[in-house]
Amino acid sequence: MASSRAGGHREVENLDDPVHHEHIRAALATDHAGREYKLVRATTQVVAGSLHTYYIRFDGDGEGDLYKITAWSRPWLKEPTEALQVTFVGKHVEKDRIAASYYIRFDGDGDKVQYKITAWSRPWLKEPTEALQITTCCTRNHVTMVVWCKMFSQNMMIRDGEYTKTIYTMIKEERFLEAINVLNGIPEVSTTRAGLSLLGHCYYQTQDFIEASNCYETLVNLVPDVPEYKLYYAQSLFQAGLFEESHRIITAVDAPHLKDKVMQLLSAIAYGNEDYSTAQSLLLQRQGSGQEATVKNDEGCLLYQANMHEDALARYVSALQAGGFNPHIAYNAALCHFRRKENSQALNYIAEIVERGIRNHPELGVGAQAETEGGARSVGNPPALAASGLAQAFNLKAAIEYQEGNVEGSREALTDLPPRSEPELDPVTLHNMALTDPVGGGAGLRRLAFLLELGPPTCPPETFANLLLLCCKHEMYDTAADILAEHTHLTYKYLSPYLYDLLDALITAQSTPEEAEQKLGVLANSIGGRLRSLAAKVQECRSAPDQNALRMALREYESALESYLPVAMARAWIPWRVDDFQGAEREFRASAEFCSETPTWRLHAAHVLFMRGDRYKEAAAFYEPIVRQNYDDILAVPASVLANLCVAYIMTSQNEEAEELMRKVERAEERKGNANGQCLHLCIVNLVIGTLYCAKGNYEFGLSRIAHALDGGSGARLCADTWLHVKRCVLGLLTGLAKQTIVLPSIAIQETLAFLRTCEAYGLTIPSVLTGPLEDSGEQPPTIGLEARKLRALLSRLMEYK
């Protein structure tokens, strides 16, 4: 199942990689530029980006003189200072210092007389005078008693003799980071079985699996006769993604009482390596082991991987019945319902996971980000978060909302996650945030590209397909072609034959539309034949009493229709992109047999009829049901639909209907106000109507409409999108005046000049051109203010021309 766990630290094997040394030199540029160094050790962690930690030693320094450097890389961000943040942390020590303060009283002194002695111990240093430094405030040498002794470690005061109680209390209260700090302050921890065992457990619970594996590796060498430590060592390596090393260690465990756990870990390793046949054979050996719920869950995982979602769901339900509620098994069941398009059942499981998570773990702060608008304190990635299943549940809820077209609801689901800082986000959350990025496609595409470069098992399997689809959505077909060429090994692994053929046709359409049309035709005929056979199957099941068979047949038909619809849209898109609207209408008529009742098909069919220029009545007949369906929430209708419907009414002499619709939108915007962001529906409607009148030669009314839509050029509605309509209409006016084919009253020209003057003042810093999601030329884009000044100058010159 998809994991929502943040990546642990991993040791970097290739210390000679030039990228690492570029990061180090960048960190040393300020205070240590030019100094020679040696890279001793490096680790990497998958966060929201990648976090590299380097330990270096300058030439001439001692063996214990290490310096720590961190480099946080987020390549999807455009700003270089944000895309790579390097920090020279400073001198690094392997253990925290220990400071002991002793308060003493000498014989003969009064009760109020005390003397303080401080001992600073750093046992990792070789020089004795540095390893132990003692300071005192007196010179007398006959000590009778120690009044009290206090130990300080990481700003924590622990009385002498209370270390065991304090550390176990921290572990019981799941304060593992504090326990790690205290344990690292005790020199004996790194050489004793008890200390290493506690430290390894704490590291494992904080998901720092590399450090945990280091502790257990030392324990295996220290007490080789204890097989449990070999098991823990193998588990830590597995969680760190080091499957081969984990397999090597776990196969050496020979302890009958650990047989079930060994077999379970071997199954997990085979599953992680996608060796499902081996995982299946190991699972058969675990039958009757007394772990019915675990075995049922693992059976469900194998069935899910084979796309047998119904059988997998049955195993998960059996596991929940056998072992009681488990959030991870419940999530697996919800995932099966999601794959079977049974979103309501999936949401029921999600609601139960969330309810139990909030009740059992209030410290995780579910929903705190939404309440504080992103200002909540991070809770990190504690064991409670992993055990609660909340991260998986909220991500699945976001996927359901996204699939249903509710992108805002998807963002809200991700906002309800327990608050974490960006470096603490797991790959699944990062992937879903990329798809729902409210800023635009640029950062989302960069995040997906970053995840793709990480590769499995860190990269979610959906990343490859989603990255290609987003590139095609933003018409970045060359980029999509490059990604396909660079990752051919992923094509057959993560792309279905249908999706590959569709993407191949879309990319081919850029150079050879005829070949692309032929490929899409073959794909459409194949799916169309399947749809006809499934339609016949549905009719047969309707006359039979078996309702389950009917539901299965309907689900298969809907799945095939979902595959057919993008192909039909792509076939119509090829003539559309060259303004062949008659050819696009022909393609829509060809697909009406299967798609005529789907909202997407009807919407795009209306757009094609509208663009024909002589089919406004038919276009309005398609637009009207969309508006009526959301008439009580008119702002839920896309602004383009409202604008086109108003134009269609005007062009068919239904001006009253157009005015009524515009009044309805205006009232809705007034009620909504600025509570949920700016509303541009009425602005877009007026822009489109104004552009229509300008295209018909009525510039006086058309430009007044446009000026009204933009609040006279002084409002927040002035942006690159709206400015495009303004300058096209003004340029049309300038062309007509220059050719003397247009006569405009003087007052209308003065109003236009005043409108442009206002746009010039308010648009000085607003870019006037739209850029693609990954376009970053480095040049300063032209502004609306500059273009408005040029247009105003041209209009003034034409008025002066005689």
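Trainee: Among contacts between residues at least 6 apart in sequence, what share joins residues at least 24 apart?
Mentor: The share is 55% in this chain. This is a predicted model. A contact here needs heavy atoms within 4.5 Å.

Trainee: What secondary structure does the chain hold?
Mentor: It has 37 helices and 10 strands.

Trainee: How many of the residues count as buried, and what makes a residue buried?
Mentor: The chain has 802 residues, and 45% of them count as buried. The cut-off is under 20% relative accessible area. The accessible surface of the chain is about 41800 Å². Carbon and sulfur atoms hold 50% of that surface.

Trainee: How confident is the predictor over the chain?
Mentor: The average pLDDT is 83. A score of at least 70 is reached by 85% of the residues.

Trainee: Where does pLDDT stay under 50?
Mentor: One such stretch is residues 1-7, with 29 contacts beyond four places in sequence in the model. Residues 138-155 are also below 50, and this stretch has 50 contacts beyond near neighbours in sequence.

Trainee: Now the charged pairs. How many salt bridges does the structure hold?
Mentor: The structure holds 31.

Trainee: Why is the pair of arginine 340 and glutamate 310 called a salt bridge?
Mentor: Their closest N and O atoms are 3.8 Å apart. The limit is 4 Å, so the pair qualifies.

Trainee: What does that pair tie together?
Mentor: Arginine 340 lies in the loop between α14 (327-339) and α15 (343-360), and glutamate 310 lies in helix α13 (residues 309-323). The pair therefore ties together parts that are 30 residues apart in sequence.

Trainee: Are arginine 340 and glutamate 310 buried or partly exposed?
Mentor: Arginine 340 has a relative accessible area of 14%. That is under 20%, so arginine 340 is buried. Glutamate 310 stands at 45%, between the 20% and 50% cut-offs, so it is partly exposed.

Trainee: How do you know that arginine 339 and glutamate 462 meet in a salt bridge?
Mentor: The N to O distance is 3.5 Å. That value is within 4 Å, so the rule is met.

Trainee: Which parts does this pair tie together?
Mentor: Arginine 339 is in helix α14, while glutamate 462 is in the loop between α21 (441-454) and α22 (463-473). The linked parts are 123 residues apart in sequence. Arginine 339 is partly exposed at 34% relative accessibility. Glutamate 462 is partly exposed, at 34%.

Trainee: What separates glutamate 408 and arginine 411 along helix α19?
Mentor: They are three residues apart in helix α19 (residues 407-415), which means about one helical turn. Their side chains meet in a salt bridge of 2.9 Å, N to O. Glutamate 408 is partly exposed at 45% relative accessibility, and arginine 411 is partly exposed at 24%.

Trainee: Which residues are linked in a network of salt bridges?
Mentor: Glu585, Arg589, Arg612, Arg615 and Glu618 are linked in one.

Trainee: On to the rings. How many aromatic pairs are there?
Mentor: The count comes to 14 aromatic pairs.

Trainee: What makes the pair of phenylalanine 238 and phenylalanine 243 tilted?
Mentor: The planes are 35 degrees apart. Stacked needs under 30 and edge-to-face needs over 60, so 35 is tilted. The centre to centre distance is 5.3 Å, within the 6.5 Å limit. Both phenylalanine 238 and phenylalanine 243 are buried.

Trainee: Why is the pair of tyrosine 271 and tyrosine 276 called edge-to-face?
Mentor: Their planes stand at 70 degrees, which is over 60, so the name applies. The ring centres are 5.5 Å apart. Tyrosine 276 is partly exposed, with a relative accessible area of 28%.

Trainee: What sits over the ring of phenylalanine 58?
Mentor: The charged end of arginine 35 does, 3.9 Å from the ring centre. Phe58 also forms one aromatic cluster with Tyr67 and Phe88. Elsewhere, the charged end of arginine 356 sits over the ring of phenylalanine 325, 4.1 Å from its centre.

Trainee: What makes the phi of glutamine 207 worth a note?
Mentor: Most residues other than glycine have a negative phi. Glutamine 207 has a positive phi of about 65 degrees. It lies in the loop between α6 (193-205) and α7 (209-222).

Trainee: Where is glutamine 740 found?
Mentor: Glutamine 740 is in the loop between α35 (720-738) and α36 (746-762). Its phi is positive, near 60 degrees.

Trainee: Are glutamine 207 and glutamine 740 buried or exposed?
Mentor: Glutamine 207 has 8% relative accessibility, under the 20% cut-off, so it is buried. Glutamine 740 has 65%, over the 50% cut-off, so it is exposed.

Technical notes
Residues are numbered from 1 along each chain as its sequence is written. This is a predicted model: local features need pLDDT of at least 70, side-chain atom pairs count only at pLDDT 80 or more; totals for chains, interfaces and linings use all residues. Side-chain values use heavy atoms; hydrogens and water are left out. pLDDT is the predictor's confidence in each residue, from 0 to 100. Helices (H or I, at least four residues) and strands (E, at least two) are DSSP runs, numbered from the N terminus. Buried means under 20% relative accessible area, exposed over 50%, partly exposed in between (1.4 Å probe, protein chains only). Accessible areas come from the Shrake-Rupley method with a 1.4 Å probe; for residues, only the protein chains shown count as cover. Rings of Phe, Tyr and Trp (its six-membered ring) pair if their centres lie within 6.5 Å; planes under 30 degrees apart count as stacked, over 60 as edge-to-face and the rest as tilted. A charge sits over a ring if NZ of Lys or CZ of Arg is within 6 Å of the ring centre and within 35 degrees of the ring normal.
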